[in-house]
Amino acid sequence: MKLSKRLKAICDLVPEGSNIIDIGTDHGYVPIYLNLVKNCKCLATDISLKSLEKAKNNSERIKTNISFCLTDGLNNIKLDNQILIISGMGTTTILKILDMSLNNDLIISTNNDVLTLKEKLLLKGYYIYKEVLVEEHKKYKIIYFKKHSN
Ligand SMILES: C[S@@+](CC[C@H](N)C(=O)[O-])C[C@H]1O[C@@H](n2cnc3c(N)ncnc32)[C@H](O)[C@@H]1O
């Protein structure tokens, strides 16, 4: 399965066999790839029914084993040790989704205002574990954040 440079760079940061939630999955390519190629346990979520149906159709067509949830951000999702992936949204939406007490690893690629994203997450006790720059139409930073242990 061929991913765009940006989505491939996101998937490359995910360790093999991880438990992930792709928030705002749309087409579902990230969880589909991670399930198929990196043997990850995946939950794909979206606020849009149309997007989630698209992801389900792609998942069925490519024969992957992933779960789906129609929800706004992390509402009604039980958090455990999953890595949360959020990409293709603006910083304001991303920070709204993450506005709760969290300890999960985060892999984030914002469409705008990377500085505010970093500042706010550092204030929440996160640090930048890895950061990758990808050029695809424009430049995207893909950042893997981890939480400082208390
Ligand atoms: C531009 S697409 C990005 C798709 C994919 N993550 C990517 O990076 O290519 C943004 C997706 O986020 C979804 N979305 C926007 N706000 C959301 C929210 N609060 N909770 C869940 N999904 C959301 C939209 O419905 C849309 O499918």
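Helices α1 and α2 are oblique to each other in this predicted model. Two packed helices are described by the angle between their axes and the distance between the axes. Here α1 spans residues 5-12 and α2 spans residues 29-38. They pack at an angle of about 45°. Angles under 35 degrees would count as roughly parallel, and 65 to 115 as roughly perpendicular. The pair is therefore classed as oblique. The axes lie 10 Å apart. The crossing of α1 and α2 is right-handed.

Which residues make the contact? On the α1 side they are Leu7, Ile10 and Cys11. On the α2 side they are Tyr29, Val30, Tyr33 and Leu34. By class, the residues of this contact comprise 7 nonpolar, no polar and no charged.

Helix α1 also leads to the sheet. It lies across β4 (83-89), β5, β6 and β7. Against β6, α1 runs at about 155°.

The sheet itself is open and has 7 strands. Their order is β3-β2-β1-β4-β5-β7-β6, and the pairing is mixed. At the edges stand β3 (67-70) and β6 (126-136), each of which pairs on one side only. From one strand to the next, the twist averages 20°.

Now follow the sheet through β5, β7 and β6. Strand β5 covers residues 106-110, and β7 covers residues 138-147. The two run antiparallel and are joined by 3 bridges. Isoleucine 107 has tyrosine 144 of β7 as its bridge partner. Strands β6 and β7 also run antiparallel, with 10 bridges between them. Here lysine 130 stands opposite tyrosine 144 in β7. Tyrosine 144 thus links the two pairings: it partners isoleucine 107 and faces lysine 130.

How many residues separate β6 and β7 in their hairpin? There is 1 residue between them. Histidine 137, in the turn, has a positive phi of about 70°.

The ligand comes next. There are 16 residues around it. Gly24, Asp26, Ser48, Ser87 and Gly88 come nearest. Strands β2 (41-46) and β4 and helix α4 (91-97) are the elements that give two or more residues to the shell. Which element gives the largest share? That is β4, with 3 residues. By class, the shell has 4 nonpolar, 9 polar and 3 charged residues.

Strand β4 connects two parts of this picture. Helix α1 lies across β4, and β4 contributes to the shell around the ligand. In the sheet order, β4 sits between β1 and β5.

Conventions. Residues numbered from 1 in each chain as written. Predicted model: local features only at pLDDT ≥ 70, side-chain atom pairs only at ≥ 80, totals over all residues. Axes fitted to C-alpha atoms, helices over the stretch in contact; angles between N-to-C directions. Helix = DSSP H or I, 4+ residues; strand = E, 2+ residues; numbered from the N terminus. Parallel < 35°, antiparallel > 145°, perpendicular 65-115°, else oblique. Left-handed = near helix turned anticlockwise from the far one by under 90°. Contact = placed C-beta atoms within 7 Å. Nonpolar A, V, L, I, M, F, W, Y, C, P; charged D, E, K, R; others polar. Pairing = 2+ DSSP bridges. Near = placed C-beta within 6 Å.
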